[in-house]
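Dear colleague,

I am passing on the structure below, together with some notes on what I found when going through it. Please have it open beside the text as you read.

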Amino acid sequence: ALMLCKIGGKDGSADEIKAVIEAAGGSADEDALTKLLGDVDGKDINELLAAGMDKLKDALMLCKIGGKDGSADEIKAVIEAAGGSADEDALTKLLGDVDGKDINELLAAGMDKLKDALMLCKI
């Protein structure tokens, strides 16, 4: 959620992160959110992006964690809540790549780049 905010041009404040998580159907853990914000304080967005975060995968995983299907519209809503926009071609490709796969398969395949979001979401 933090990365989606940053990619979308937002500051990544606690309230903005919470809004993104809520758009995905989740809720934020205050202690984990405070820790996350402390961990990334002063870091450059490019450093964070270089860590392998991808906004479409992030948004898809947030939707799945929040109990949503992860449809194109749901993914777009999460990205838009963070102030960004989705590339239609990339979104179509991603949805094709994950079609019919279980959330656990996706995580096992290395799509779990959302450790920050996973920490923040209460399931």
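I begin with helix H7, where Leu91, Leu94 and Val98 are buried, a word used here for residues under 20% relative accessible area, with exposed meaning over 50% and partly exposed anything in between (1.4 Å probe, protein chains only). Helices (H or I, at least four residues) and strands (E, at least two) are DSSP runs, numbered from the N terminus. The three buried residues cover an arc of only 65 degrees around the axis, which puts them on the same side of H7, the arc being that of the directions from the helix axis to the C-beta atoms. On the other side of H7, Asp89, Thr92 and Lys93 are exposed, and the helix is followed by Gly100, whose phi is positive, near 80 degrees.

Before going further, please note that this is a predicted model, in which local features need pLDDT of at least 70 and side-chain atom pairs count only at pLDDT 80 or more, while totals for chains, interfaces and linings use all residues. Residues are numbered from 1 along each chain as its sequence is written, and side-chain values use heavy atoms, with hydrogens and water left out.

Taken as a whole, the protein has 9 helices and 0 strands, and of its 123 residues 36% count as buried. Contact here means heavy atoms within 4.5 Å, and among contacts between residues at least 6 apart in sequence, 67% join residues at least 24 apart.

H3 can be described in the manner of H7. Its buried residues are Ala32, Leu33, Leu36 and Val40, and they cover an arc of only 100 degrees around the axis, which puts them on the same side of H3. The face of H3 turned away from that buried side carries the exposed residues Asp31 and Thr34.

In H6, the buried residues are Ile75, Lys76, Val78 and Ile79; seen down the axis of H6, they fall within an arc of 160 degrees, so they line one face of the helix. You will notice that a lysine, Lys76, is listed among these buried residues. What covers the buried residues of H6 includes H1, H2, H5 and H7, whereas the face turned away from the buried side carries the exposed residues Asp73 and Glu80. Ala77, which is also found in H6, is partly exposed, with a relative accessible area of 35%; Ala77 and Val20 are 57 residues apart in sequence and yet 8.8 Å apart in space, C-alpha to C-alpha. Just after H6, Gly83 takes a positive phi of about 95 degrees.

How do H5 and H6 pack, and at what angle? The angle is about 110 degrees, with their axes 9 Å apart, where axes are lines fitted to C-alpha atoms, for helices over the stretch in contact, and angles run from 0 to 180 degrees between N-to-C directions. H5 and H6 are therefore roughly perpendicular to each other, given that angles under 35 degrees count as roughly parallel, over 145 as roughly antiparallel, 65 to 115 as roughly perpendicular and the rest as oblique. Where they meet, H5 brings Lys55, Leu56, Ala59, Leu60, Leu62 and Cys63, and H6 brings Glu74, Ile75, Val78 and Ile79.

Several of these helices come together in the largest nonpolar core, which has 24 residues, with Leu4, Ile17, Val20, Leu62, Ile75 and Val78 making the most contacts inside it; such a core is a set of buried Ala, Val, Leu, Ile, Met, Phe, Trp, Tyr and Cys residues joined through side-chain atoms within 4.5 Å. The elements that give two or more residues to this core are H1 (2-7), H2 (14-23), H3 (30-40), H5 (55-65), H6 (72-81) and H7 (88-98), and H5 gives the most, with 5 residues. Leaving aside neighbours within four places in sequence, Leu4 is in contact with Val20, Lys55, Asp58, Ala59, Leu62, Val78, Ile79 and Ala82.

On the cysteines, Cys5 is buried, with a relative accessible area of 0%, and Cys63 is likewise buried at 0%. The count comes to 0 disulfides, a disulfide being a pair of cysteine sulfur atoms within 2.5 Å.

Lastly, Gly26 has its place in the loop between H2 and H3 and counts as buried at 17% relative accessibility. Gly26 and Cys63 are 37 residues apart in sequence and 8.2 Å apart in space, C-alpha to C-alpha.

With best wishes
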